[in-house]
Amino acid sequence: MNLRCNEVLSHSRIHGHVLEIGTGTGINFACLHNNTRIIDYTGIEPNYHMHYYANAATDRWNIPFKVRLSTNSATNMTDIESNSIDTIIMTFVLCSIPDPLPKQLLIEAHRVLRSGGELHLLEHVLSDPNVKPITNSFQKLIEPIWTIVGDGCRFIPTGNYLDEMKTVYSKVNYENIEIPVPLLLIKDAIKGVLIK
Ligand SMILES: C[S@@+](CC[C@H](N)C(=O)[O-])C[C@H]1O[C@@H](n2cnc3c(N)ncnc32)[C@H](O)[C@@H]1O
């Protein structure tokens, strides 16, 4: 939560009309609830069953801004106008959608962002086979089971999707980080910002 709230979703970064892709249980409301720079929040979460938990999280955190949840897929956000969003946030979503959806999602996110708007993300990543060969092999071995346990989450080279976006967004910055969790399998991650 420290990484989420103080680095990826810090108040200095997240503001205005905010869109979250893959709201899930609403875990990120813990980072957003006291951000006075947020005007309103739209959560794109196709799994309707998650809306119950996300709504409960808005109550628990006493969210002061308007919240709207949508069951659309972020690959086709027909209910969001082009150039209308100041900040998009997305944590651990790209890993849970199959090809070619990650690319479609990032292009659709670009459409809804206003010029200069930012997409802030935190994602799991496949460990580099040259740096961590054992973890990499283990990730590949366990992936069929992990996909079931982790709500569709796979171990993928997320950086490749972001590199592809360098011709779409005006800036793509990301860095490889280690998440402070005891499980080696999910330690490697990427945090990044894509600017329209
Ligand atoms: C691994 S969970 C992460 C949830 C939450 N963001 C977090 O940090 O814990 C991935 C979420 O992405 C959602 N998701 C899957 N496909 C999606 C899509 N096409 N558009 C938007 N969200 C999607 C899933 O329903 C799930 O809630």
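1. In this predicted model, helix α4 lies across the strands β1, β4, β5 and β7, and it runs at about 145° to β5. The helix has twelve residues and reaches 17 Å from its first C-alpha to its last, which is close to the 16 Å expected at 1.5 Å a residue. Its buried residues are Pro102, Leu105, Leu106, Glu108, Ala109, His110 and Val112, and these buried residues pack against β1, β4, β5, α6 and β7.

2. The sheet beneath this discussion is an open one of seven strands, taken in the order β3-β2-β1-β4-β5-β7-β6, and its pairing is mixed. The edge strands are β3 (66-70) and β6 (171-178), each of which pairs on one side only. On average, and with direction ignored, neighbouring strands of the sheet are turned by 15° against each other.

3. Strand β1 deserves a separate look. It runs parallel to β2, to which six bridges join it, and within this pairing Val18 stands opposite Tyr41 in β2. Strand β1 also runs parallel to β4, here joined by four bridges, with Glu20 standing opposite Ile89 in β4. Because five of the six residues of β1 are buried, the strand is largely enclosed by the rest of the structure.

4. Towards the β3 edge of the sheet, strand β2 (residues 38-44) pairs with β3 in the parallel sense over five bridges. A reader who wishes to locate this pairing in the model may look for Ile44, which stands opposite Ser70 in β3.

5. Which residues touch the most other members of the largest nonpolar core? Of the 28 residues in that core, they are Ile88, Met90, Leu105, Leu106, Leu119 and Leu194. The elements that give two or more residues to the core are β1 (16-21), β4 (85-91), α4 (101-112), β5 (113-124), α6 (158-164) and β7 (188-195), and the largest share, four residues, comes from α4. Apart from this core lies another, of 21 residues, among them Leu3, Phe29, Cys31 and Leu69. As a general background, nonpolar side chains in soluble globular proteins tend to be buried together.

6. Met90 can serve as an example from the largest core, where it is among the residues that touch the most other members. Leaving aside its neighbours within four places in sequence, Met90 is in contact with Ile21, Leu105, Leu106, Leu119, His120, Leu121, Leu122 and Glu123.

7. Thr158 is found in helix α6. Is this residue, Thr158, buried or exposed? Its relative accessibility is 0%, and therefore Thr158 counts as buried, the cut-off for that class being under 20%. When its neighbours within four places in sequence are left aside, the contacts of Thr158 are Leu94, Glu123, His124, Val125 and Ile190.

8. Helix α5 (residues 133-149) should be read with its bend in mind. The helix has 17 residues and reaches 23 Å from its first C-alpha to its last, close to the 24 Å expected at 1.5 Å a residue, and yet a kink of about 65° lies at Glu143, shortly before the proline Pro144. The buried residues of α5 are Thr135, Asn136, Gln139 and Trp146. Just after the helix, Asp151 takes a positive phi of about 55°.

Key:
Residues numbered from 1 in each chain as written. Predicted model: local features only at pLDDT ≥ 70, side-chain atom pairs only at ≥ 80, totals over all residues. Heavy atoms only, no water. Expected span 1.5 Å × (residues − 1). Bend = angle between axes of the 7 residues up to and from the residue. Buried < 20%, exposed > 50% of the residue type's maximum accessible area, 1.4 Å probe, protein only. Core = buried A, V, L, I, M, F, W, Y, C linked by side-chain atoms within 4.5 Å. Contact = heavy atoms within 4.5 Å. Pairing = 2+ DSSP bridges. Axes fitted to C-alpha atoms, helices over the stretch in contact; angles between N-to-C directions.
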